[in-house]
Amino acid sequence: MKQINDISINGERLWQSLMELARIGATDKGGNCRLALTELDGQGRDLVVGWMRDAGLEITVDQVGNIFGRRPGRDPSKLPVATGSHIDTQPTGGKFDGCFGVMAGLEVMRTLQEQGIETEAPLELVIWTNEEGTRFVPVMMGSGVFCNVFPLETALSATDIDGKSVRDELVNIGYAGSEPVGQRKLGKYFEAHIEQGPILEAEDKVIGVVTGSLGLRWYDLTVTGMEAHAGPTPMPLRRDALYAATFIMQEVIRIARDYAPQGRGTVGVANVFPSSRNVIPGKVSFSVDLRHENADLLAEMDARLRRACAALASGETAGYPVEVDLQDVQHFPPTPFAPELIEAVREQARARGLPEMDIVTGAGHDAVYVATVAPTAMIFVPCKDGISHNEIEDAKPEHLTAGANVLLGAMLTHAGVIQP
């Protein structure tokens, strides 16, 4: 009797499929620009959907453009074991972010078709709409609507900088589906992905067994002082907004370090007004990103940020009072993944002799939303130097093959194999 870990995907074909998809929207530096619901995204969808049909999958598209390819199981009453990701990219994206998860799932389906392997439960491959959120917000749009995070109308009415709506662009590329979003139920969900960070490569591990996602809190902060002439205004009489804002910026980093190893703190955007060489800044607006895997500790980090804002506003920190406006932008709680699916990933890595380690994802993925409606787990493989969202994003073919094989084994573990 053939064991699950004896079944392997075609790694060369996986690589070739990734490279062929990457030619759609290829950039000069070797990456991809295939923004959600553009003509190029439509071409990428057409290519992959054609491959899905060739692998014997029945295609359905829902009202937000999510694509589902179903492989029947012997017991149609069972909910499907699904996998998937996205194929839209950043403006200067790479070949593997999202695309690897879709192509790995496709390779699982191709392999089972070729080897005549049936499963008890159905299998499904999903391409989620607009995961990146570059052209349209919110991010992780398709999976968010599917999982009731926000309404369908919110997604369909979203517009890009040119005023084009999701609703109209779905029609334009031919992916305005008719299936009600979320009507389809998933039994279990696995998502394969490049790590998008440096840990696996640094630890010389091939498989990251993802145990969950960091919680996230996003804020917009504005510090207002008083602009004045840089020459005539003595230092003790200034209300320099930039100087004051730096106390919060540094506190964001201190907070993250104090909550190591899973604490994260980032100031990614800063705007100074009036941004003149000889004018004392009167207003500074900046973003804050705090993350942690523990909800209670993330709440403590939030409380520390608020205390720092209050101290700055009172004049305690900078030596003079300023106005501090803290706006909550977004909050994702930490999301633990399903222990039984995590264990299937771990067991398949070990059965195939692949060095593995537990890891937490610090990035947002469709799997984070799906985990709210179905048991979910993720499989990470290394990417070169931990670089992603960049045209030079790279991964080794053998690592991608290993990740796809672990995906195949984990899906079969939970779908139930019927021997040919």
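Mentor: Two strands count as paired if DSSP finds at least two bridges between them, where strands (E, at least two residues) and helices (H or I, at least four residues) are DSSP runs numbered from the N terminus. This is a predicted model, in which local features need pLDDT of at least 70, side-chain atom pairs count only at pLDDT 80 or more, and totals for chains, interfaces and linings use all residues. Residues are numbered from 1 along each chain as its sequence is written, and side-chain values use heavy atoms, with hydrogens and water left out.

Trainee: In the hairpin of strand 1 and strand 2, which residue takes a positive phi?

Mentor: Strand 1 (residues 58-61) and strand 2 (residues 67-71) run antiparallel and are joined by four bridges, with Ile-59 standing opposite Gly-69. Five residues lie between the strands of this hairpin, and the one with a positive phi, near 90°, is Gly-65.

Trainee: How is helix 8 oriented relative to helix 9?

Mentor: The axes of helix 8 (residues 241-258) and helix 9 (residues 295-314) come within 10 Å and cross at roughly 160°, with axes fitted to C-alpha atoms over the stretch in contact and angles running from 0 to 180 degrees between N-to-C directions. Angles under 35 degrees count as roughly parallel, over 145 as roughly antiparallel, 65 to 115 as roughly perpendicular and the rest as oblique. Relative to helix 9, helix 8 is therefore roughly antiparallel.

Trainee: How many charged residues has the contact of helix 8 with helix 9?

Mentor: Contact (heavy atoms within 4.5 Å) involves, among others, Phe-247, Glu-251 and Arg-254 of helix 8 and Met-301, Arg-304 and Leu-305 of helix 9. Ala, Val, Leu, Ile, Met, Phe, Trp, Tyr, Cys and Pro count as nonpolar, Asp, Glu, Lys and Arg as charged, and the others, Gly among them, as polar. By these classes the contact of helix 8 with helix 9 has eleven nonpolar residues, no polar ones, and a number of charged residues equal to four.

Trainee: And how many polar residues has the contact of helix 3 with helix 12?

Mentor: Helix 3 (residues 99-115) and helix 12 (residues 397-415) have axes that come within 9 Å and cross at roughly 60°, which makes helix 3 oblique to helix 12. Residues including Ala-104, Gly-105 and Thr-111 in helix 3 meet residues including Gly-403, Ala-404 and Leu-407 in helix 12. The contact of helix 3 with helix 12 has ten nonpolar residues and no charged ones, while its polar residues number three.

Trainee: At what angle do helix 1 and helix 3 pack?

Mentor: Helix 1 and helix 3 are oblique to each other, and residues including Arg-13 and Leu-14 in helix 1 meet residues including Phe-100 and Glu-107 in helix 3. With their axes 10 Å apart, helix 1 (residues 11-22) and helix 3 pack at an angle of about 135°.
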